[in-house]
Amino acid sequence: MTSISGEFSVGMTARDAEGASPAVGRMLLDKQYRGALEARGAGQMLATHGSVAGSAAYVALETVTGTLQGLEGSFALVHHGQMDRGHPTLIITVVPDSGTGALAGIAGRMNIRVEGHQHFYDFEFTLPTP
């Protein structure tokens, strides 16, 4: 397992949730990863909130395209985030068999940290040995 960390910026654009309840919000994601992962992330997120303050959830699918430690390709991430009365849980994993190019066969898990107004990623991954 290889572990890397770096910064990323994220832009979100609100969109109407097609045919969904007004309580479901949809956002387009546009991320820029920096560090050992030099890539662009593009995806969509759905979010909703509970009836108690501090309770909410989101799911997202994201395609990451660029270089990972100099290896060029892409892979998909699936996000599952939940806030239970202010207590967060976040799981972000690489979609199995989504890797392309030199990233074919990638597997792993990502964590997101926010410090002040800056976003950071911690990414643990494996790649098949050639």
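Gln69 is placed in the loop between β4 and β5. This is a predicted model, and the loop residue Gln69 is a convenient place to enter it. With a relative accessible area of 46%, Gln69 is partly exposed, because buried means under 20% and exposed means over 50%. Its backbone is worth a look: Gln69 has a positive phi of about 50 degrees, although it is not a glycine. Most residues other than glycine have a negative phi.

A second residue shows a backbone angle of this kind. Asp97, which is not a glycine, has a positive phi of about 60 degrees. Asp97 lies in the loop between β6 and β7, a strand that covers residues 100–101. Is Asp97 buried or exposed? At 75% relative accessibility, Asp97 counts as exposed.

From Gln69 the path leads to Ala36, since Gln69 is one of the residues that Ala36 touches. The others in that list are Ile4, Thr67, Leu68 and Tyr121, where residues up to four places away in sequence are not counted. Ala36 is found in the loop between β2 and β3. Its relative accessibility is 26%, so Ala36 counts as partly exposed. Ala36 can also be placed relative to Glu7: the two are 29 residues apart in sequence, and their C-alpha atoms are 9.6 Å apart in space.

The next stop is the largest pocket. Its volume is about 450 Å³. Which elements give two or more residues to its lining? They are β1 (2–15), β2 (25–35), β3 (37–49), β4 (56–68), β5 (71–84), β6 (87–94) and β8 (107–115). The largest share, 4 residues, comes from β5. In total, 22 residues line the pocket. Sorted by class, the lining has 14 nonpolar, 6 polar and 2 charged residues. The residues that lie nearest the centre of the pocket are Met45, Tyr58, His79, Leu90 and Ile112.

One of these central residues, His79, can be followed further. His79 sits in strand β5, the element with the largest share of the pocket lining. Its relative accessibility is 3%, and His79 therefore counts as buried, the cut-off being under 20%. The side chain of His79 takes part in a polar contact of 3.1 Å with the side chain of Tyr58, and Tyr58 is also among the residues nearest the pocket centre. Another polar contact, of 2.8 Å, joins the side chain of His79 to that of Glu62. Leaving out residues up to four places away in sequence, His79 touches Lys31, Tyr58, Val59, Ala60, Glu62, Ile91 and Ile92. His79 and Val95 are 16 residues apart in sequence, with 9.9 Å between their C-alpha atoms.

The contact with Glu62 carries the path from β5 to β4, for Glu62 is found in strand β4. What is the relative accessibility of Glu62? It is 1%, so Glu62 counts as buried. Besides the polar contact with His79, the side chain of Glu62 makes a polar contact of 2.7 Å with the side chain of Tyr33. The side chain of Glu62 is thus linked by polar contacts to His79 and to Tyr33. With residues up to four places away in sequence left out, Glu62 touches Lys31, Tyr33, Gly41, Ala42, Gly43, Phe75, Ala76, Leu77 and His79. Lys31 appears in this list and also in the list for His79.

Strand β5 holds a further residue to look at, Gln82. Whereas His79 counts as buried, Gln82 is partly exposed, with a relative accessible area of 40%. Gln82 touches Ala56, Ala57, His87, Pro88 and Thr89, again without counting residues up to four places away in sequence. Gly41, which is touched by Glu62, is 41 residues from Gln82 along the chain, and the C-alpha atoms of Gln82 and Gly41 are separated by 21 Å.

Last comes the confidence of the prediction. The mean pLDDT of the protein is 93, and 95% of its residues reach 70 or more. Confidence is lowest in β1, with a mean of 91, and highest in β7, at 98.

Note on methods. Residues are numbered from 1 along each chain as its sequence is written. This is a predicted model: local features need pLDDT of at least 70, side-chain atom pairs count only at pLDDT 80 or more; totals for chains, interfaces and linings use all residues. Side-chain values use heavy atoms; hydrogens and water are left out. On a 1 Å grid over the protein atoms alone, a cavity is a set of points where a 1.4 Å probe fits but cannot get out, and a pocket is an open set with protein on both sides within 12 Å along at least five of seven lines; lining residues have an atom within 4 Å of a point. Grid points are joined across faces, edges and corners, and a volume is the space filled by probe spheres set on the points. Ala, Val, Leu, Ile, Met, Phe, Trp, Tyr, Cys and Pro count as nonpolar, Asp, Glu, Lys and Arg as charged, and the others, Gly among them, as polar. Buried means under 20% relative accessible area, exposed over 50%, partly exposed in between (1.4 Å probe, protein chains only). A polar contact is a pair of N or O atoms within 3.5 Å; within protein, one must be able to donate a hydrogen and the other to accept it, and residues adjacent in sequence count only if both atoms are side-chain atoms. Contact means heavy atoms within 4.5 Å. pLDDT is the predictor's confidence in each residue, from 0 to 100.
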